[in-house]
There are 2 protein chains.
Amino acid sequence: MTSVLPGRDARRESLLAAADAVVQRDGASASMATIAAEAGITKPILYRHFGDKSGLYAALAERHTDRLLDALVDALTAGGPARVRVHRTIGTYLAVIEAEPQVYRFLMQSEEAVPAQGTVRGFLHRLQDLLTAGIAHELRLPADDLRATVWAAGIVGMVQSAGDWWLESRRCSRADLTDQLTDLLWGAYGVAAG
Amino acid sequence: MTSVLPGRDARRESLLAAADAVVQRDGASASMATIAAEAGITKPILYRHFGDKSGLYAALAERHTDRLLDALVDALTAGGPARVRVHRTIGTYLAVIEAEPQVYRFLMQSEEAVPAQGTVRGFLHRLQDLLTAGIAHELRLPADDLRATVWAAGIVGMVQSAGDWWLESRRCSRADLTDQLTDLLWGAYGVAAG
DNA sequence: CGCAGGTGTTACCGCCGGTAACACTGGGGC
DNA sequence: GCCCCAGTGTTACCGGCGGTAACACCTGCG
C-alpha cells in the first residue's frame, strides 16, 4: 500500500512550499523545471505528486483559499447585527489581502498563472454560496431565493474589485475602505444621488 | 512611405476577423499557427502585423472593449434621474454580454488567453474612471473624491461579477437581474437587513 | 541470492511563440 | 532592355515549455 509511506505528505508539503517560493519570486510564469530545481529534485517527481501543472497550482491555491474562506466564515458568523457582521467580514478580507498581497495577486490576477483559476473559481463560488445563505437567513427568504443569490454574487464582486483597486493605489486606509464599502451596501450612494 | 499602402488596414482587419473566428472556435488556446492558417497565410505575417501574440490579442480585445465602452457611455449620459441612468447602464452591459457571450468570456475569463488582460484591465479602468466622474458629479463632490472612486470600483466589480454568475446559470431574466442590482445599489439589502 | 517496489534520474517528444533567411513580384531610373 | 529595390510571402529553424518513457538505485524480504 502506497498511502502509508512515511514522508509522503510531508514531502508534498515541502514541494508546495518550494513552489510557493518560486511563484512569489518569478511571478506566476514559474516553470515546472524551475520549481523542481528549487525543491532540489527534478520534474518527474513533481508530476508524480501533482499530475500536471494545473494540479500543482490548484494544490497551491487551495491552501490559501481554504485559509481565507475560514477567516471569512468566522467573521461573518460571529455575533452582532447584520451591518456589524458585514463590516467585519469586509475588513477581514481586506486585512488578509493586505497582509499577503503577492499571494492575493497570484490567486486573483496572476497575469499568467491561469491553471489555478479553477480552484479560485471554486473558492469564489463557495464564498458566494455562503453569502447567499447568510443573506437569505437575514432576510428570512428561502435559501435559494433569487434576490439573495444575485446580491451575493454582486457583493462578492464588489468587494473583490474594490480590494483590487485598493491594493494597486493604496489611496486610503483599510478602515476607510471598509467603511465606504459598507456604506455603499447600505445604500449610501442611492440616498445621496436621490 | 509604407503607410499609404492600399490594403494595409483592410488586411489587418481581415486578419483580426480570422483571429476572432479561431478564438471563438478553439476557446482561447488558439495558436498563432492556427490563426494564420485560418487567415490563409503563415505565422510571420501575423507577427509583422501585430508584433507578438499579446499584440494580436490586445488588438482583438480592443475592438470589443471600445464598442462596449461606447455603449455604456451612451447609456450613462443619456437623460433621466440617477437611478434611471444607472438602471439603463446596467441593462446595456447585460444586454451586450448576453448577445455575445463567447466574446465576453474571451475578454473576461478566457481560462487561457491572458495576453489580452492588459487591454481588458485598461477597459475596466476607463470604465471605473467614467463612473467615478459620474458619481462625483451626481453627488457634487470633487472629481477625484475618495468615496466616488471607491464606489465606482465596487460597482464595476459588482455588475461584472453578477453578470458572470448570470451568464453561467441563467437563473433569471435580464430585466430581473437589472432590477435586483439597481435595488442593491440603492440600499435594498441594507434596508431589508436593518 | 534474486526480486519486487518505490525513489530518483536522464533523455526524449511534440508543440508553441518567435525569427532569420531566402524566393517571388512589380515598378522606376538609366 | 536591364538592374535594383521595396514589399510580400514562404520555409526552416531556435529555444523553452509541459509532459513522459525508460532506465538506475536503494532497501527490505523470502
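How do the residues of the surface near DNA strand D divide into nonpolar, polar and charged? Here are some friendly notes, with that one settled in point 3.

1. A word on the model. This is a predicted model, in which local features need pLDDT of at least 70, side-chain atom pairs count only at pLDDT 80 or more, and totals for chains, interfaces and linings use all residues. Residues are numbered from 1 along each chain as its sequence is written, chains are lettered from A and ligands numbered from 1 in the order in which they are written, and side-chain values use heavy atoms, with hydrogens and water left out.

2. The two protein chains. A turn of 180° with a shift of 0.0 Å along the axis lays chain A on chain B at an RMSD of 0.1 Å (superposed by least squares on the C-alpha atoms of residues with pLDDT of at least 70 in both). That is the relation of a two-fold axis. Within chain A, Gly187(A) comes closest to the rotation axis, its C-alpha being at 1.6 Å. The copies meet through the same surface, because 100% of the interface residues of chain A are also interface residues in chain B (contact means heavy atoms within 4.5 Å).

3. DNA strand D. Around this strand there are 15 residues, and Lys43(A), Lys53(A), Arg11(B), Thr42(B) and Arg48(B) come nearest (a residue is near if one of its heavy atoms lies within 4 Å). To answer the opening question, the surface has seven nonpolar, three polar and five charged residues. The classes put Ala, Val, Leu, Ile, Met, Phe, Trp, Tyr, Cys and Pro as nonpolar, Asp, Glu, Lys and Arg as charged, and the others, Gly among them, as polar. The side chain of Lys43(A) has an N or O atom 2.5 Å from a base oxygen of the strand, while a polar side-chain atom of Lys53(A) is 2.4 Å from a phosphate oxygen. Helix 3 of chain A and helix 3 of chain B are the elements that give two or more residues to this surface (helices are DSSP runs of H or I, at least four residues, numbered from the N terminus).

4. DNA strand C. Here 16 residues surround the strand, with Arg11(A), Thr42(A), Arg48(A), Lys43(B) and Lys53(B) the closest. Sugar and phosphate make up 53% of the strand's atoms that come within 4 Å of the protein. Phosphate oxygens of strand C lie 2.4 Å from a side-chain N or O atom of Arg11(A), 2.3 Å from a polar side-chain atom of Thr42(A) and 2.3 Å from a side-chain N or O atom of Lys53(B).

5. The largest pocket. Its volume is about 480 Å³ (a pocket is an open set of points on a 1 Å grid over the protein atoms alone, with protein on both sides within 12 Å along at least five of seven lines; lining residues have an atom within 4 Å of a point). Of its 26 lining residues, Leu76(B), Thr89(B), Leu127(B), Leu130(B) and Leu131(B) are closest to the centre. Helix 7 of chain B gives the largest share, 10 residues. By class, the lining has 19 nonpolar, five polar and two charged residues.

6. The second largest cavity. This one has a volume of about 310 Å³ (in a cavity, a 1.4 Å probe fits but cannot get out). Its 22 lining residues include Thr89(A), Ile90(A), Leu127(A), Leu131(A) and Ile155(A), the closest to its centre. Helix 7 of chain A gives the most to this lining, eight residues.

How values were computed: Points joined across faces, edges and corners; volume = space filled by probe spheres on them. Polar contact = N/O pair within 3.5 Å; in protein donor to acceptor, adjacent residues only side chain to side chain.
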